[in-house]
Amino acid sequence: FWSSALRADQIDDQLAAVARSGPQGAGSAAARAAVDAISRQGTEILPRLLVAMDTDNPVAANWYRAAYETIVKRELAGAAKFPLAELRDVVGDRARRGRVRRLALALVERIEPAYQKQIVRGMLDDPEFRADAVDMALAYRGPEFKVGGRNPFPHTANVRLVMRGSPLTGSLVVRKDSPIKSIHEVKGKRV
């Protein structure tokens, strides 16, 4: 990605300056200068920012996110090329925190609108995306959805999911032609 080792070293230094920021404004002047410099970079730095954002330091994570959002907003307004393969890798990396993976997913989805539907519906065994995969599977109306060679959620005619517990610990299902459209409409009804 980098045009020279010096540029990579400078970026490492800037990321480290942000990492040293902390509560009560500790290191904020250095972090602000570093974020300003990072924010001038192109899209090639986005995967590194996502990885850096995966930290126990919430102050640093917020600084990294500010740089990330600045770059994304600027580059989406132009015709920039995004490092989609690396962003997809972040989405699929179960070692990363959910907020980082979801930021990467949102960006890839913005660039490739069908990506989320393609990738998430097969993530039933992924703790971060399991509920999303179940939602998609329950809403999905085709026989092509397969996990382990079979469709774990075959289509059931005349049924609509009204409420899903988290993570699918309980569900309330009504007939498709039922007047009940949400969990709030169950109040006072016999279940």
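Colleague: Which hand has the crossing of H2 and H4, left-handed or right-handed?

Modeller: The crossing of H2 and H4 is right-handed (the near helix is turned clockwise from the far one by less than a right angle; anticlockwise would be left-handed). The model is predicted, with local features requiring pLDDT of at least 70 and side-chain atom pairs pLDDT 80 or more, while totals for chains, interfaces and linings use all residues. Residues are numbered from 1 along each chain as its sequence is written, and side-chain values use heavy atoms, without hydrogens and water.

Colleague: At what angle do the axes of H2 and H4 cross?

Modeller: Two packed helices are described by the angle and the distance between their axes. Here the axes of H2 (residues 28-39) and H4 (residues 58-77) cross at roughly 25° and come within 9 Å. H2 is therefore roughly parallel to H4 (angles under 35 degrees).

Colleague: Which residues make the contact?

Modeller: H2 contributes Ser 28, Ala 31, Arg 32, Val 35, Ile 38 and Ser 39, and H4 contributes Trp 63, Ala 67, Thr 70, Ile 71 and Arg 74 (contact: heavy atoms within 4.5 Å). By class, six are nonpolar, three polar and two charged.

Colleague: How many residues has the largest nonpolar core?

Modeller: In soluble globular proteins, nonpolar side chains tend to be buried together. The largest nonpolar core here has 40 residues (buried, under 20% relative accessible area; joined through side-chain atoms within 4.5 Å). Leu 46, Leu 49, Leu 50 and Tyr 68 have the most contacts inside this core. H4 gives the largest share, eight residues.

Colleague: What does Leu 46 touch beyond its neighbours within four places in sequence?

Modeller: Leu 46 is in contact with Tyr 68, Ile 71, Val 72, Phe 82, Leu 87 and Leu 107.

Terms used:
Axes fitted to C-alpha atoms, helices over the stretch in contact; angles between N-to-C directions. Helix = DSSP H or I, 4+ residues; strand = E, 2+ residues; numbered from the N terminus. Parallel < 35°, antiparallel > 145°, perpendicular 65-115°, else oblique. Nonpolar A, V, L, I, M, F, W, Y, C, P; charged D, E, K, R; others polar. Buried < 20%, exposed > 50% of the residue type's maximum accessible area, 1.4 Å probe, protein only.
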